[in-house]
Amino acid sequence: MKIKDRTFRPEHMEIMGILNVTPDSFSDGGKFTEMDAALKQVERMIKEGASIIDVGGESTRPGFAAVPAEEEMRRVIPVITEIKKNFDILVSVDTYKAVTAKAALLAGADIVNDVWGFKKDPDIAKVTAEHDAYCVLMHNRTNTDYNDFMEDVLNDLRESIAIAKKAGVKDDHIIVDPGVGFAKSLEQNLIVTREVGRLRELGYPVLLATSRKSMIGLTLDEDKDHRLEGTIATSCQGVMAGCEFVRVHDVLENRRAIRMMEAIRDGRKEA
């Protein structure tokens with residue numbers, strides 16, 4: 001897959017590093033709300049192996065309070081502007097609001113990462129297409145009434161893909177995400193992580209985003225500060241399932257595990 005001028009090898013998992021510029025994100029809320037701290041974290045993640053920085057201005061933790069687009073933009077736009085000014089790195093904006101996506105793309109963002117898969121705001125797909133941007137379409141829904149869980153997940157994502165393409169988003173600009181932690185029980189989150197390789201049936205690159213999520217905490221009976229090993233296990237699962245991207249907080253540790261898994265899978269050291 002190619003994003004802008006970056007070509008990603010299909011056999012190698014790339015890392016999207018998480019930068020939450022929010023006061024209330026479940027794991028790192030308040031840590032990177034100041035510009036200097038945010039840019040130092042970006043520099044660190046790049047050195048540790050991140051290929052994309054995902055900037056979010058609204059927490060999507062369970063029970064989160066939505067923030068107005070104006071406040072979301074106040075948080076993310078200056079940071080995106082400074083990242084693009086100071087680093088040669090792809091930037092994703094984590095938003096489901098069209099107005100925030102447009103402002104972020106104008107500020108230099110390359111990717112729109114929508115946790116509602118273009119189903120929340122009817123204008124966000126059009127904005128993405130108009131700016132020739134890339135997108136991550138995450139699986140989400142307003143209910144958990146599944147008939148055939150994995151088939152329903154795939155069909156929901158097909159709807160998101162159709163929305164994107166109808167708006168004019170290019171076929172090779174689409175990435176899909178199984179939506180671990182969204183509209184799913186613990187058991188369903190474990191299943192979709194195990195079966196994440198099935199998303200490749202859709203014909204698009206797959207991003208797996210499980211970092212420090214409640215699925216890991218509930219499985220291991222650990223709080224948010226002790227979920228690194230569980231996250232690494234899911235990243236390794238992503239490698240074996242053929243995912244192209246993983247979205248994590250702890251870039252270095254996941255990068256090492258990914259390199260090891262790829263070496264085992266391929267029977268050789270990364271070139």
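**Exercise 1. The surroundings of T210**

Leaving aside its neighbours within four places in sequence, which residues is T210 in contact with? Locate T210 in the predicted model, and decide whether T210 is buried or exposed.

*Solution.* Begin with the place in the chain: T210 is found in the loop that lies between β9 and α7, the helix of residues 214-220. Next, list the contacts, setting aside the neighbours within four places in sequence: these are V180, T193, M215, I216, T231, T234 and R247. Finally, turn to accessibility: the relative accessible area of T210 is 1%, and because buried means under 20%, T210 counts as buried.

**Exercise 2. The order of the sheet**

Work out in what order the strands of the open sheet follow one another, and which strands stand at its edges.

*Solution.* The sheet is open and is formed by eight strands, which are arranged in the order β8-β7-β6-β5-β4-β3-β10-β9 with parallel pairing. Reading that order from end to end leads to the edge strands, β8 (174-177) and β9 (207-208), each of which pairs on one side only.

**Exercise 3. Strand pairs inside the sheet**

For the pairs β3 with β10, β5 with β6 and β7 with β8, find how many bridges join the strands, and then name a residue partner in each pair.

*Solution.* Take β3 and β10 to start with: β3, residues 14-20, and β10, residues 245-248, pair over four bridges in the parallel sense, and here M16 stands opposite R247 of β10. R247 also appears among the contacts of T210.

Then go to β5, residues 90-94, which runs parallel to β6 and is joined to β6 by three bridges; the bridge partner of S92 in β6 is I111.

Lastly, β7, residues 134-138, is joined to β8 by four bridges, and these strands run parallel. Across this pair, V136 stands opposite I175 of β8.

**Exercise 4. The two faces of β6 and β8**

Sort the named residues of β6 and of β8 by the side to which they belong, and say whether they are buried or exposed.

*Solution.* In β6, I111 and N113 point one way, while V112 and D114 point the other way, and all of them are buried. In β8, I174 and V176 are on one side and I175 and D177 on the other; all of these are buried, and both faces of the strand are covered.

**Exercise 5. Two helix crossings**

Two packed helices are described by the angle between their axes and the distance between the axes. Describe in this way the pair α1 and α2 and the pair α8 and α9, and then find which residues make each contact.

*Solution.* For α1 (residues 35-48) and α2 (residues 69-86), the axes come within 10 Å and cross at roughly 45°, so the helices are oblique to each other. Their crossing is right-handed. M35, A38, L39 and V42 of α1 make the contact with P78, V79, E82, I83 and N86 of α2; by class, these residues divide into seven nonpolar, one polar and one charged.

For α8 (residues 228-241) and α9 (residues 251-266), the axes come within 9 Å, with a crossing angle of roughly 35°, and this crossing is right-handed. On the α8 side the contact involves L228, T231, I232, S235, C236, V239 and M240, and on the α9 side E253, N254, A257, I258, M261, E262 and R265. The classes in this contact are eight nonpolar, three polar and three charged residues.

**Exercise 6. R265 in α9**

Find how far R265 is from M240 in sequence and in space, and determine which residues R265 touches beyond its neighbours within four places in sequence.

*Solution.* R265 has its place in helix α9. The separation of R265 from M240 is 25 residues in sequence, but 7.4 Å in space from C-alpha to C-alpha. Apart from the neighbours within four places in sequence, R265 is in contact with E11, V239 and M240. With a relative accessible area of 31%, R265 is partly exposed.

**Exercise 7. Positive phi values**

Most residues other than glycine have a negative phi. What is the phi of K4 and of F118, and in which loops do K4 and F118 lie?

*Solution.* K4, although not a glycine, has a positive phi of about 55°; K4 lies in the loop between β1 (2-3) and β2 (6-7) and, at 40% relative accessibility, counts as partly exposed. F118 likewise has a positive phi, near 65°, and is found in the loop between β6 (111-114) and α4 (124-130). At 3% relative accessibility, F118 counts as buried.

Notes: Residues are numbered from 1 along each chain as its sequence is written. This is a predicted model: local features need pLDDT of at least 70, side-chain atom pairs count only at pLDDT 80 or more; totals for chains, interfaces and linings use all residues. Side-chain values use heavy atoms; hydrogens and water are left out. Two strands pair if DSSP finds at least two bridges between them. Axes are lines fitted to C-alpha atoms, for helices over the stretch in contact, and angles run from 0 to 180 degrees between N-to-C directions. A crossing is left-handed if the near helix is turned anticlockwise from the far one by less than a right angle, and right-handed if clockwise. Contact means heavy atoms within 4.5 Å. Ala, Val, Leu, Ile, Met, Phe, Trp, Tyr, Cys and Pro count as nonpolar, Asp, Glu, Lys and Arg as charged, and the others, Gly among them, as polar. Buried means under 20% relative accessible area, exposed over 50%, partly exposed in between (1.4 Å probe, protein chains only). Angles under 35 degrees count as roughly parallel, over 145 as roughly antiparallel, 65 to 115 as roughly perpendicular and the rest as oblique.
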